[in-house]
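Here's a quick look at where a ligand sits in a protein model and what surrounds it. Have the structure open as you read along.

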Amino acid sequence: MRGIKIEEAELRIVRLPLLKPFTISTGTMHDKIFPLLILRGEGFEGYAESVVDPVPDYLDETIAGGMMLLRDVFLPQVIGKRFEHPAALDPILTPWRGHYMTKAVIEMAFYDLYAKALNQPLKTLIGGSGDRVNVGVSLGIMPLEETLAKTDDHLAQGYKRIKLKIMPGHDVKLVELVRQHHPAIALSVDANSSYTLADINLMRALDCFRMDYIEQPLAHDDLHDHATLQKEIITPLCLDESIRTAAHARKALQTDATRVINIKVGRVGGYGEAIRIHDLAESFSVPVWCGGMLESGIGRAHNIHLSTLRNFKKPGDTSSASRYFPRDIIHEKLETENGTMAVPQGTGIGVSLDWDFLETVTLSKEIFKA
Ligand code: OSB
Ligand code: MG
C-alpha cells in the first residue's frame with residue numbers, strides 16, 4: 001500500500017445526554033459534548049472523538065480553541081495529502097505547541113482509517129493482542145451512602161477496581177467507609193488536582209487504606225511536588241493530567257513522581273505518544289492503565305484497542321457505555337462482562353456509527369475537501 005490520501009474530513013460537535021450528572025472536584029457534567037472527526041480516503045472512513053471539554057476545567061484545552069485549530073490550521077495541512085503511515089502525521093502536528101487533545105483526534109481517526117485499509121484490527125496495527133481487557137469503574141462525587149451502594153453494585157457486576165473521585169471535604173471519611181465494607185478490593189482515588197502540599201496530613205491519612213494508587217492529587221501541570229509527596233507516603237502516586245507527552249513521563253519516572261501512569265490516548269496527542277509513554281513506563285517497571293473521559297462508543301472502542309498493549313497491567317476506566325448514556329452513537333453495545341470488555345471485532349476500531357441517531361445529537365457539521 002502506498003499510504004493513504006486523506007480526501008475529506010467531516011467534523012461535528014455532538015451532544016450526548018448523560019443518564020445522570022457526573023461530578024468531579026472541578027465541576028459537574030450534565031451532557032457529554034465533544035468534537036467527532038470522520039476522515040475519508042480510498043473508500044474507507046476513520047473515526048475519532050476528541051476528549052477536549054467545552055471549558056478548561058480538567059485541562060487547559062477547549063472545544064472552541066480545538067475547533068479553530070482543526071478548521072484553520074490542522075485539517076488544511078492534511079487534507080489532499082498522502083501519508084505512508086499514521087506516524088507520518090507527526091512532522092506536521094508536533095511542531096505546534098500543546099493542543100494534544102486536538103492533535104490526537106486527527107491521528108486517532110487516521111489510525112482507524114489506516115487499519116481499515118490494511119484490513120486489520122487497530123489492536124494488531126499497534127502491537128496489542130487478546131480479545132478482552134480488564135476494567136473497573138470511576139465513581140463520581142455523590143453522597144457517601146450512595147457511593148457505598150454503587151460500589152457494592154459494581155463489585156457484584158464483576159468490575160475489577162473501584163476508583164472514587166475525591167475533593168477537599170469529601171475524602172478520608174469516604175475512603176474509610178468503603179474500605180470498612182470492602183477490606184480487600186482494588187481501590188483507588190482520583191483528586192483531579194484539588195490538593196496541594198499543604199494537605200500533607202490529609203495525604204498521610206489517605207495513605208492508611210492500602211489503596212492501589214492515589215491519582216493526580218496535586219496541580220495539573222506539576223511534577224515536582226508529586227515527587228516530594230511520594231517521598232512522604234507509601235501508596236503509589238498515579239499521574240493523569242500531568243502527563244501530556246513522553247518527555248513529561250520521562251521526567252516523572254526519573255524523579256519518582258509517579259509509580260503508575262493513567263494513559264488516555266486522547267490526552268497525549270494520539271497513539272504514537274501513548275505507545276512511547278507505555279514503552280517508557282515499562283522500561284521503569286511501572287504499570288499503566290487506560291483512563292477515560294466519559295467517551296461515546298467511538299472513544300471507548302479506541303480505548304479498548306489501546307488497552308490490549310502488554311504493559312496495561314491494571315484495570316482501565318472503560319466501563320459499559322450504558323452506565324453513562326441512554327443511547328450511544330454506535331450500533332455495537334460496549335458492555336462489561338465479569339469486569340472485562342470485549343475488543344470490538346472487525347477492522348479498525350471495529351464499531352459502526354448509527355448515522356440516524358448521530359444526526360439527532362449533532363450540534364454542528366462541517367465538511368472539508370481538498
Ligand atoms: O480524571 O479520569 C479522570 C472523567 C472526566 C474527567 C476526568 C476524569 C474522568 C473519569 C471518568 O475518571 C472515567 C470514565 O470515562 O469512566
Ligand atoms: Mg484522572
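Which strands each supply at least two residues of the shell around ligand 1? They're β2 (8-24) and β8 (162-165). Bear in mind that this is a predicted model.

Zooming out a bit, ligand 1 sits in the largest pocket. Both domain 1 (4-120 + 354-369) and domain 2 (125-342) pitch in, with at least three shell residues coming from each.

So who's in that shell? There are 16 residues around ligand 1, and the ones that come nearest are Ser 138, Asp 190, Asn 192, Leu 294 and Tyr 324. Sorted by class, the shell has seven charged, six nonpolar and three polar residues.

Some of those nearest residues also have polar atoms close to oxygen atoms of ligand 1, as listed here:

| Residue | Polar atom | Distance to an oxygen atom of ligand 1 |
|---|---|---|
| Ser 138 | side-chain | 2.9 Å |
| Asn 192 | side-chain | 2.8 Å |
| Leu 294 | backbone | 2.9 Å |

Note that Leu 294 uses a backbone atom here, while Ser 138 offers one from its side chain, and so does Asn 192.

How much of ligand 1 does the protein bury? Taken alone, the ligand exposes 390 Å², and 98% of that is buried by the protein.

How values were computed. Residues numbered from 1 in each chain as written. Chains lettered and ligands numbered in written order. Predicted model: local features only at pLDDT ≥ 70, side-chain atom pairs only at ≥ 80, totals over all residues. Heavy atoms only, no water. Near = heavy atom within 4 Å. Polar contact = N/O pair within 3.5 Å; in protein donor to acceptor, adjacent residues only side chain to side chain. Areas by Shrake-Rupley, 256 points an atom, 1.4 Å probe, with all protein chains shown as cover. 1 Å grid on protein atoms, 1.4 Å probe; cavity = no way out; pocket = protein on both sides within 12 Å on 5 of 7 lines; lining within 4 Å. Sits in = over half its atoms within 2 Å of the grid points. Helix = DSSP H or I, 4+ residues; strand = E, 2+ residues; numbered from the N terminus. Nonpolar A, V, L, I, M, F, W, Y, C, P; charged D, E, K, R; others polar. Domains from an automatic or database assignment.
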